[in-house]
Amino acid sequence: MQRISGKIILFINRHGIFPIPVRRKSLVIGHENIISQLFSTSFEVSSSQPSVQSQSNHKSSKSNISSINNGITSQFGLIHLEASPINHINDQSYDEFASDVEKVYRILRKFHSRVPKLELALKESGVVVRSGLTERVLDRCGDAGNLAYRFYAWASKQSSYRHSQDVYKAMVKVLGKMRQFGAVWALIEEMRQQNPQLISPQMFVILMRRFASARMVHKAIEVLDEMPKYGCEPDEYVFGCLLDALCKNGSIKEAASLFEDMRFRFPPTVKHFTSLLYGWCREGKLIEAKHVLVQMKDMGIEPDIVVYNNLLSGYALAGKMGDAYELLKDMRRKSCEPNATSYTILIQSLCKHEKLEEAMQIYVEMQRYGCDVDTITYTTLISGFCKWGKIERGYELLDQMIQQGHAPNQLTYQHIMLAHEKKEELEECMELMDEMQKIGCTPDLNIYNTVIRLACKLGEIKEGVRLWNEMEASGLSPGLDTYVIMINGFLLQGCLAEACEHFKEMVDRGLFAAPQYGTLKVLMNSLLRADKLEMAKDVWNCMTSAKGCELNTSAWTIWIHALFSKGHVKEACSFCIDMMDNDELMPQPDTFAKLMQGLRKLYNRQFAAEITEKVRKMAADRQITFKMYKRRGERDLKEKAKEKKDGRKRRARQRHWGVGRRKANIRKAASFRGFVSF
């Protein structure tokens, strides 16, 4: 960033250079996407206690994005605001830790799967564990839970060092994200024995949110009952956080029931009602949302701008724009002037349905009523135009935004990049990244993911690797999406060894989870198709031995079916037995039927009898009739074979019809040429 004076920086756009005032303190908006900004509760904003989410890692895939905007205040509520990270360039403490953090991170990356070597390397590194460093290292690890845990465990053994409260909070987040909830409770128990004074309600709030995000509602509610055992009495704030977490993660019915059960223990507040209103609106249940509004008024609580904006979001998401406009007028009649968020909600809904001119009319209207357009409003408009392929209009809005003195953030640029990605314009994405760097807007993980994905799609795998290295050099830790993109890119180019290395690294870092089973399936089939059986076994062994990588029946089924389909019947049967013996998982009925068919062809009665006996016993333990289980497997196998056969016939017909149409077109063209020549 080039500084002209203490108050001016240069923003370079496509048409020139514009000076933009810089304010010393800015607000940061936590983004996942536009809708997450506009459609959420006000709990973190309006609470007098610090938000758990405000301590999130600003270098992760959910990067906090700087917003220089006077119009944003804590009254907005629908947008999660948090203190901007300090500019680290002149921060002495940052400089003190920076080299040590990177040194430790490189060691963790290299030796995290070999604990003795890791501990030796950390010991010989010369890094002294001290207050502040541990937090920074955990932050640097990003979503790589295993890396963070390895350093935490090593730091715990160092003399003259004790973990701070922030370190414990960070580890609760890390373990919760890995869904190692037993380890979280063990950590809190350890704190009670060694540092009881460090246990705070925030620890339990973090745990509640992790349980809620995993849809483990009863476990989240149980945290409320467990708190007194650790010397923490739940209060209105903690209960509000629990309601908020349940509503944000789609458990609105359970939240409403809990609210009714607890209303005498925790008197309802505007925050509680706002959370419920948000939850019902998010589910499209507007009648229930209006009932919450009635309950509020019955208790003498007047709706504020946050409540109205949530209801406005409900109407917009349901496509009831007429009702949304009426609510906007009603807000004015009740002297509750709509703010920038109110108008942006409507703009976003209109952009979503390609009503771009109507969205611009709302944009003009908000200015007519004296409501300042902010960064989020501009970003929403840019997103809408870019989504529907009007990139030039998006650039015009970007230029206008800069001229008005609003700083574009990472999300603003990401929407333009997504439009370029759709058109497979890699060079334009690279130019946009350079422009971001020039104005001091550092690309975040989502930006890198977008550009790396496009590079891999276009076969520019070397460029993808270069961007990966640049990303890590800038202090960003690759997340789950980054690994999946890179693995698929390597597979697309036939680089199987590199794909395996990245997959194993993803597993070792604690990033592998159920949604990545599709990547596992593609990888295993690619390896076995290339006769790389040992390489495939190595990948599988890495998964089974990794800490925190719990494999379910789906993962085992992918591996067993991949082996079977490539003719490795005996290996498939061996792994099926391992699944039943080690993980105590019962094979799916069609898996059992498939293995039996394969063993019959091999005349291997010993394997067949062993597997059958184990399955029969497991079926009895689960109170399943073995006869019905076997029949279901055979039926499923026949149905899948029929679907596969029908699919082939359908594709053959499509190819045939395509050829027929092409021949007919050729004949028409020939006859037309003959007619013209005649």
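**Chat: helices, rings and odd phi angles**

A: In helix 22, the buried residues are Leu426, Cys429, Met430, Leu432, Met433, Glu435 and Met436. Keep in mind that this is a predicted model.

Q: Thanks! How many residues does helix 22 have, and how far does it reach?

A: Helix 22 covers residues 426–438, which makes 13 residues, and it reaches 19 Å from its first C-alpha to its last. That is close to the 18 Å expected at 1.5 Å a residue.

Q: And what follows helix 22?

A: Gly440 does, with a positive phi near 80°.

Q: Which residues other than glycine have a positive phi?

A: Ser160 is one of them, with phi near 55°. Glu354 is another, at about 60°.

Q: Where does Ser160 sit, and is Ser160 buried or exposed?

A: You'll find Ser160 in the loop between helix 6 (145–156) and helix 7 (165–177). Its relative accessible area is 77%, so Ser160 is exposed.

Q: Same thing for Glu354, please: where is that residue found?

A: Glu354 is in the loop between helix 17 (340–352) and helix 18 (356–368). With a relative accessible area of 44%, Glu354 is partly exposed.

Q: Let's zoom out. How many helices and strands does the protein have?

A: There are 33 helices and five strands. The protein has 678 residues, and 52% of them count as buried.

Q: What about the exposed surface, what supplies it?

A: The protein exposes about 33,000 Å², and carbon and sulfur atoms supply 50% of that.

Q: And how much of the contact pattern joins residues at least 24 apart?

A: If you take contacts between residues at least 6 apart in sequence, 69% of them join residues at least 24 apart.

Q: Back to helices. Which residues of helix 8 are buried?

A: Phe181, Val184, Leu187, Ile188 and Met191 are buried in helix 8. These residues lie on the same side of helix 8, because they cover an arc of only 110° around the axis.

Q: Nice. What does the face turned away from that buried side carry?

A: That face of helix 8 carries the exposed residues Gly182, Gln193 and Gln194.

Q: And what covers the buried residues of helix 8?

A: The cover includes helix 6, helix 7 and helix 9 (201–213).

Q: Switching to aromatics: how many aromatic pairs does the structure hold?

A: It holds 16 aromatic pairs. One of them joins Phe503 and Phe512: the ring centres are 5.5 Å apart and the planes are at 65°, so the pair is edge-to-face. Both Phe503 and Phe512 are buried.

Q: How is the pair of Trp559 and Phe575 arranged?

A: Trp559 and Phe575 are also an aromatic pair that is edge-to-face, at 5.2 Å centre to centre with 70° between the planes. The pair links distant parts of the chain, since Trp559 is in helix 29 (residues 553–565) and Phe575 is in helix 30 (residues 569–582), 16 residues apart.

Q: Are those two buried or exposed?

A: Trp559 counts as buried at 0% relative accessibility, and Phe575 is buried with a relative accessible area of 11%.

Q: Which residues do ring pairs link into a cluster?

A: Trp540, Trp556, Trp559 and Phe575 are linked that way.

Q: Last one: where does a charged end sit over a ring?

A: Arg140 has its charged end over the ring of Tyr105, 3.9 Å from the ring centre. The charged end of Arg616 sits over the ring of Phe626, 4.3 Å from its centre.

Notes:
Residues numbered from 1 in each chain as written. Predicted model: local features only at pLDDT ≥ 70, side-chain atom pairs only at ≥ 80, totals over all residues. Heavy atoms only, no water. Helix = DSSP H or I, 4+ residues; strand = E, 2+ residues; numbered from the N terminus. Buried < 20%, exposed > 50% of the residue type's maximum accessible area, 1.4 Å probe, protein only. Expected span 1.5 Å × (residues − 1). Contact = heavy atoms within 4.5 Å. Areas by Shrake-Rupley, 256 points an atom, 1.4 Å probe, with all protein chains shown as cover. Phe/Tyr/Trp six-rings, centres within 6.5 Å; stacked < 30°, edge-to-face > 60°. Lys NZ or Arg CZ within 6 Å of the ring centre and 35° of its normal. Arc of directions from axis to C-beta.
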